[in-house]
Amino acid sequence: MQPPAPWHRECDLTHRNTLRLPSRAQFFAAPTTLSTLRDCLMLARREGVPVTLLGGGSNVLLPPALGGVAVRPALGQWWLERNGKRTRAYVGAGVSWHALVMALSARGLWGVENLALIPGDCGAAPVQNIGAYGVELADTLSAVQVMSLADGKARWLSRRACRFGYRDSVFKRELAGSVVIIRLALELSFAPQPVLGYGDLAARVGHAPTALEVAQTVSAIRREKLPDPQRLPNAGSFFKNPVVDEAAARRLLQRYPEMPHFAQASGGVKLAAGWLIDRCGLKGQRFGAFGVHQRQALVLVHFGGGDRTGLKHAAGQVAGAVRERFGVALEVEPRTISA
Ligand code: EPU
């Protein structure tokens, strides 16, 4: 098939994923308007070309060869609407999440400041319901606008319809592969509402901080703990924090009373995967081209020259060690894209 002008043929995606896994897409497109995005999806449908949706590439495991067209919605507009005490931000899927957080916080708007420095595009944020420092996207997101891959029609989904959970949403499940996220609506507030209960955040910010100060402090903490993907490729936390049943948590706590654990409102106890991996002595451990980060054991890093198979092998070694020592199964967090 002859691709239309905005489609790039044989596009190298290695620098479009923060793990720098070598990957080539048969076609790549980054439509900047809703109508060109719709045209792109409808053409793919007519020609029977599979569509893979990409954002900033900070939470995906790409295959070496990706058939069909990889589409990155580059919808870069956002604006604010005041409605009484509340302020709503409408944000295009292609806006950088961190740039948005800093722009909103600098305007004195509260709601997303704890989510500073999370890499990736706004359109990908609802997929895994990004979360950090006691806040998750679902706390401020009021609706998500999606476009159907089947007919190009746009519709809004309420927060409830997004079925958010810990690093989970309807976009990873029932709606996976059938819609593109095109816009978010966030409910923000000019009234200060700091959430400072996580870790040493309260101790690090001054008294009565501004939203911008909180965002800057969160950024500083993240820079200390997490490797910069530009320097040491990674995808943030590689595993989810596992939730075990109360009996299993009790058994583990008898043996390891210092183990971090968080009772869940929905039942079960969440454990810190980073602590479990650390306790297996794996911090700084290398497995071929990949390794466990020296400062945060939950992050796997790529030293160069590896591919997805090597990464899966490294992840298997880490998960195997945790299963053997603690009897706890770890689940990989980034999304595996099929070839
Ligand atoms: N810990 C260790 N050793 C380690 C790492 C952690 O002992 O190498 C312990 C810490 O001391 C702490 C506990 O484990 O007691 C939790 O660690 P931390 O506060 O660093 O958070 P995390 O559970 O490892 C989660 C998110 C991060 C988010 C932070 C802060 C997941 C999978 N990860 O990490 O999100 O930034 O909390 O809220 O939920 C991401 O998703 O990519 C990500 C970076």
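## A hairpin and its neighbours

Strands S10 and S11 run antiparallel to each other and are paired over five bridges. This is a predicted model, so keep that in mind as you look around. The two strands make a hairpin with five residues between them, and Gly152, in the turn, has a positive phi of about 75°. If you want one facing pair to find by eye, look for Gln145, which sits opposite Trp156 in S11.

S10 (residues 141-148) has a second partner as well: seven bridges join S10 to S12, again in the antiparallel sense. Here Val144 has Leu184 of S12 as its bridge partner. How many of the residues of S10 are buried? Eight of its eight, so to speak: the strand is mostly covered.

## The loop with Ala176

Between strand S11 (154-158) and strand S12 (179-189) there is a loop, and Ala176 lies in it. Is Ala176 buried or partly exposed? With a relative accessibility of 41%, Ala176 counts as partly exposed.

Leaving aside residues up to four places away in sequence, Ala176 touches Val170 and Phe171. Val127 is another residue to look up: Ala176 and Val127 are 49 residues apart in sequence, yet their C-alpha atoms are 9.1 Å apart in space.

## The mixed sheet

Now for a four-stranded open sheet, with its strands in the order S1-S2-S5-S3 and mixed pairing. S1 and strand S3 (51-53) are at the edges and have a single partner strand each, so one side of each has no neighbour in the sheet. From one strand to the next, the twist averages 45°.

S1 and S2 are joined by four bridges and run antiparallel. Within that pairing, Cys11 is opposite Ala25 in S2. Helix H1 (residues 34-47) packs on this sheet and touches S2, S3 and strand S5 (65-71). The direction of H1 makes about 140° with that of S5.

## Aromatic rings

A pair of aromatic rings is described by how far apart the centres are and by the angle of the planes. The model has eight aromatic pairs. One of them is Trp7 with Phe27, a tilted pair at 5.5 Å centre to centre, with 55° between the planes. Trp7 belongs to the segment before strand S1 (8-12) and Phe27 to strand S2 (residues 24-29), so the pair links distant parts of the chain, 20 residues apart. Both rings belong to buried residues: Trp7 has a relative accessibility of 6%, and Phe27 has a relative accessible area of 3%.

There is also an aromatic cluster, formed by Trp79, Tyr90 and Trp156. Trp156 is the residue that stands opposite Gln145 in the hairpin.

## Cysteines without partners

How many disulfides are there? The count comes to zero. A disulfide is a covalent bond between the sulfur atoms of two cysteines, so the distances between sulfurs are the thing to check.

Take Cys40 to begin with: its closest cysteine sulfur is that of Cys11, 13 Å away, which is too far for a bond. Cys40 is buried, at 6% relative accessible area. Cys122 tells a similar story, because its closest cysteine sulfur, in Cys162, is 14 Å away and also too far for a bond. Cys122 is buried too, with a relative accessible area of 0%.

## The antiparallel sheet and its helices

Another open sheet has four strands in the order S13-S19-S18-S17, and its pairing is antiparallel. Strand S13 (234-237) and strand S17 (286-287) are the edge strands, each pairing on one side only. S17 and strand S18 (residues 290-292) run antiparallel and are joined by two bridges, with Arg286 opposite Gly291 in S18. Helix H7 (residues 308-326) lies across S17, S18 and strand S19 (299-302), at about 25° to S18.

H7 also helps cover another helix, H5 (residues 246-255). The buried residues of H5 are Ala248, Ala249 and Leu252. Why do these count as one side of H5? They cover an arc of only 100° around the axis, which puts them on the same side. Among the elements covering them are strand S14 (243-244), strand S16 (269-271) and H7. The face of H5 turned away from the buried side carries Arg250, Arg251 and Gln254, which are exposed.

Technical notes. Residues numbered from 1 in each chain as written. Predicted model: local features only at pLDDT ≥ 70, side-chain atom pairs only at ≥ 80, totals over all residues. Heavy atoms only, no water. Pairing = 2+ DSSP bridges. Contact = heavy atoms within 4.5 Å. Axes fitted to C-alpha atoms, helices over the stretch in contact; angles between N-to-C directions. Disulfide = S-S within 2.5 Å. Buried < 20%, exposed > 50% of the residue type's maximum accessible area, 1.4 Å probe, protein only. Arc of directions from axis to C-beta. Phe/Tyr/Trp six-rings, centres within 6.5 Å; stacked < 30°, edge-to-face > 60°.
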